There are 2 protein chains.
Amino acid sequence: MPNQNGTGPRWMHGQIKCCGYRMTKPREAILDVLANTQNHLSAEDIYMAVHKFYPNIGLTTVYRNLEVLVNIGMVVKFEFGEGKSKYELSDEYSSKGHHHHLVCKECYTVIDYSDFMKDEVSFLKSTENGLSEKYKFNITDHLIQFFGVCEKCTNK
Amino acid sequence: MPNQNGTGPRWMHGQIKCCGYRMTKPREAILDVLANTQNHLSAEDIYMAVHKFYPNIGLTTVYRNLEVLVNIGMVVKFEFGEGKSKYELSDEYSSKGHHHHLVCKECYTVIDYSDFMKDEVSFLKSTENGLSEKYKFNITDHLIQFFGVCEKCTNK
DNA sequence: CTCCTATTGGTAATGGTTGTCATTATCAAT
DNA sequence: ATTGATAATGACAACCATTACCAATAGGAG
């Protein structure tokens, strides 16, 4: 597992350089923020967190870099129905590992779960193969989310 | 199956009235549009279709009614990553029946599939039960989408 | 038919995200 | 270490889907 505390070796440089991108302060700061949270952050959340250390990094830059990081597969972008996108480090760069999401439709709290993964993975794999073949689709991703009302919102 | 051609009996009145809403021209027109397409329409798509017959129905009204219809469960709202929501009649009002989506990340073409449903449904049911209990979530919905590149975009 | 009130339509505002462009910083080659 | 090509940045404006607002209208129970 790569070192993820912003002051140590630059664990993320390799992937970035490999893809023909330069390693810059904003890029590093954004990855650090994502590596040091358990939450699902919006572009603005990330902007504010980065802003504390580098007050002159702009929101536009955050958006641009998130797009790059999504493209090279280091970050994943999600929509939970809140009207803004949320971002996470992708599985191979995160300490969370592969997981899916359980989303509260009222407060938009998101729970990561990795229970039931054995069943899910084999099920998804076979479905994916079937669909790829039948519809001539080159399938690269899947999205599974469960929606409901969390305990707190139920008792409100 | 309800009659879905705009000139016949008003198949949708019951559900609307039941929920305390009035049946209005725009409401009816929107449902007719959704009932007579195989595609996944955006609010603006629906607005334009409705506009041909009722040029004075505004986009705002379309949005408001879609919200109502989603709330009473006649319509389902989806995000495919295109930056705008798409709408479909829900399973029990649609001739499509229960299905999931296969989305092209490049052209945003959406294929409805209902293969593999037996496996999916049983898998989802058990996962849902497990998650509900473990996380004290009142689960009401799920979302499964596969993403990839369609045949046309692959050869481009 | 009447009245209450849900609904409408037009327009302005909102808010997340993207485009523009002059300036700056990265890094491979020297 | 210096240079030079160009990727990346930052500030601001533009964009676009969606929502808020409000006076005018229309559904439908009584």
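**Chain symmetry and the setting of helix α4 in chain B**

In this predicted model, chain B is superposed on chain A by a rotation of 179° with 0.1 Å of shift along the axis, leaving an RMSD of 0.1 Å. This is the relation of a two-fold axis. Among the residues of chain B, the one that comes closest to the rotation axis is B:Ile144, whose C-alpha lies at 2.3 Å. The interface fits this picture nicely: 100% of the interface residues of chain B are also interface residues in chain A, so the two copies meet through the same surface.

Within chain B, helix α4 makes a pleasant case to follow in detail. The helix has 13 residues, running from 59 to 71, and at 1.5 Å a residue it should span 18 Å; the C-alpha atoms at its ends are 19 Å apart, which agrees.

Which residues of α4(B) are buried? They are B:Thr61, B:Val62, B:Asn65, B:Leu66, B:Val68 and B:Leu69. Around the helix axis these residues cover an arc of only 160°, which places them on the same side of α4(B). Their packing partners, likewise in chain B, comprise three helices and two strands: α1 (13–18), α2 (25–35) and α3 (43–53), together with β2 (75–79) and β3 (85–89). On the face turned away from this buried side, α4(B) carries the exposed residues B:Thr60, B:Glu67 and B:Asn71.

After the helix comes B:Gly73, which has a positive phi, near 80°.

Definitions and conventions:
Residues are numbered from 1 along each chain as its sequence is written. Chains are lettered from A and ligands numbered from 1 in the order in which they are written. This is a predicted model: local features need pLDDT of at least 70, side-chain atom pairs count only at pLDDT 80 or more; totals for chains, interfaces and linings use all residues. Side-chain values use heavy atoms; hydrogens and water are left out. Copies are superposed by least squares on the C-alpha atoms of residues with pLDDT of at least 70 in both. Contact means heavy atoms within 4.5 Å. Helices (H or I, at least four residues) and strands (E, at least two) are DSSP runs, numbered from the N terminus. The expected span of a helix is 1.5 Å times one less than its number of residues. Buried means under 20% relative accessible area, exposed over 50%, partly exposed in between (1.4 Å probe, protein chains only). The arc is that of the directions from the helix axis to the C-beta atoms.
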